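Please walk through the fold of this chain, beginning with the pairing of its strands and moving outward to the helices that pack on them.

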Amino acid sequence: MAKRRKRPKKKKSFGIFKALLLVLVLAAVNIGLVSAIMQHRTGDSGVSLDGEKRGNAAYAASRPELDVQLLTPNPNSRPQIPLRRLNGIVIHYTANPGSSAMQNRNYFEGLKDGGTKASSHFIIGIDGEIVQCIPSSEIAYASNSRNDDTLSIECCHPDKSGKFSEETYDSLVELTAWLCRYFDISPDEVIRHYDVTGKLCPKYYVENEDAWEDLLADIKEAYDAM
Ligand SMILES: [Zn+2]
């Protein structure tokens with residue numbers, strides 16, 4: 001009797017040890033799983049929201065650094081209308097000298113409380129920082145008749161001329177070239193807001209055709225190098 005009682009006791013303590021080990025292993029697996037999901041989520045909230053469906057995975061890792069600050073869904077700046085076709089990229093300027101990317105992003109965010117319809121997928125700041133406001137799978141209110149088949153990039157500028165800072169320019173070239181690669185858009189489909197509506201946007205690159213041609217050439221060069 002005593003022998004029989006002893007044995008299960010031994011077994012029980014071994015069982016507790018095994019259970020503890022199992023808990024530790026499960027916890028480790030769980031941490032790995034959660035971090036994997038979090039990483040996936042981070043990607044999901046950015047440009048690769050539908051990247052696995054539409055983007056070229058070969059370029060996923062070379063994505064430029066994005067500060068993903070998505071707008072709250074609302075009828076004026078983020079209507080969550082699916083962007084079903086993607087045929088081009090439209091370049092804009094903010095027409096608000098000296099303002100930062102986040103200030104412009106927050107202006108779009110504020111439109112949820114009323115006002116005009118306006119937004120952009122990306123905003124590039126004077127220091128070259130890139131803020132993403134709208135997922136690439138949704139339309140932005142930026143480019144009029146081309147809202148439903150293009151991605152939009154707003155560029156900040158230091159003064160009234162509308163000329164981009166070197167940092168803004170470099171980020172614009174990098175982001176545009178990468179978006180062309182990732183979404184399989186020809187660099188020939190990179191256009192100005194001006195080319196859609198005749199609006200003076202982006203001002204400096206409408207008034208200076210040579211500067212626009214140089215910008216396109218730089219985008220193509222970056223595209224070819226990717
Ligand atoms: Zn514009």
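Which residue in β5 does His-92 stand opposite? In this predicted model, His-92 stands opposite Glu-154 of β5, and this pair belongs to a wider register in which strand β2, residues 88-93, and β5 are joined in the parallel sense over six bridges. Glu-154 also has a partner in another strand, since it is the bridge partner of Ile-123; strand β3, residues 122-124, pairs with β5 over three bridges, again in the parallel sense.

Strand β5, which spans residues 150-155, repays a closer look: six of its six residues are buried, so the strand is largely enclosed by the rest of the structure. In a regular strand the side chains alternate between the two faces of the sheet. In β5, Thr-150, Ser-152 and Glu-154 point one way, while Leu-151, Ile-153 and Cys-155 point the other way, and the residues of both sets are buried. The burial of β5 may be set beside the figure for the chain, in which 33% of the 226 residues count as buried.

Stepping back to the sheet, one finds an open arrangement of six strands in the order β1-β4-β3-β5-β2-β6, with mixed pairing. The edges are formed by β1, residues 67-68, and β6, residues 190-192, each of which pairs on one side only. At the β6 edge, three bridges join that strand to β2, the two running parallel, and Ile-89 has Val-190 as its bridge partner in β6.

Helices pack on this sheet. Helix α2, residues 101-110, touches β3, β4 (130-132) and β5, and its direction makes an angle of about 150° with that of β3. Helix α3, residues 166-182, lies across β2, β3, β4, β5 and β6, and runs at about 170° to β5. Strand β5 is thus named among the strands touched by α2 and among those that α3 lies across.

For the chain as a whole, the secondary structure comes to six helices and six strands, and along the sequence these elements follow the pattern α-β-β-α-β-β-β-α-β-α-α-α. How much of the contact set joins residues at least 24 apart in sequence? Among contacts between residues at least 6 apart, the share that joins residues at least 24 apart is 72%.

Conventions: Residues are numbered from 1 along each chain as its sequence is written. This is a predicted model: local features need pLDDT of at least 70, side-chain atom pairs count only at pLDDT 80 or more; totals for chains, interfaces and linings use all residues. A residue is buried if 20 or more other C-beta atoms lie within 10 Å of its own, exposed if 12 or fewer, and partly exposed in between; C-beta atoms are placed from the backbone. Helices (H or I, at least four residues) and strands (E, at least two) are DSSP runs, numbered from the N terminus. Two strands pair if DSSP finds at least two bridges between them. Two residues are in contact if their C-beta atoms, placed from the backbone, lie within 7 Å. Axes are lines fitted to C-alpha atoms, for helices over the stretch in contact, and angles run from 0 to 180 degrees between N-to-C directions.
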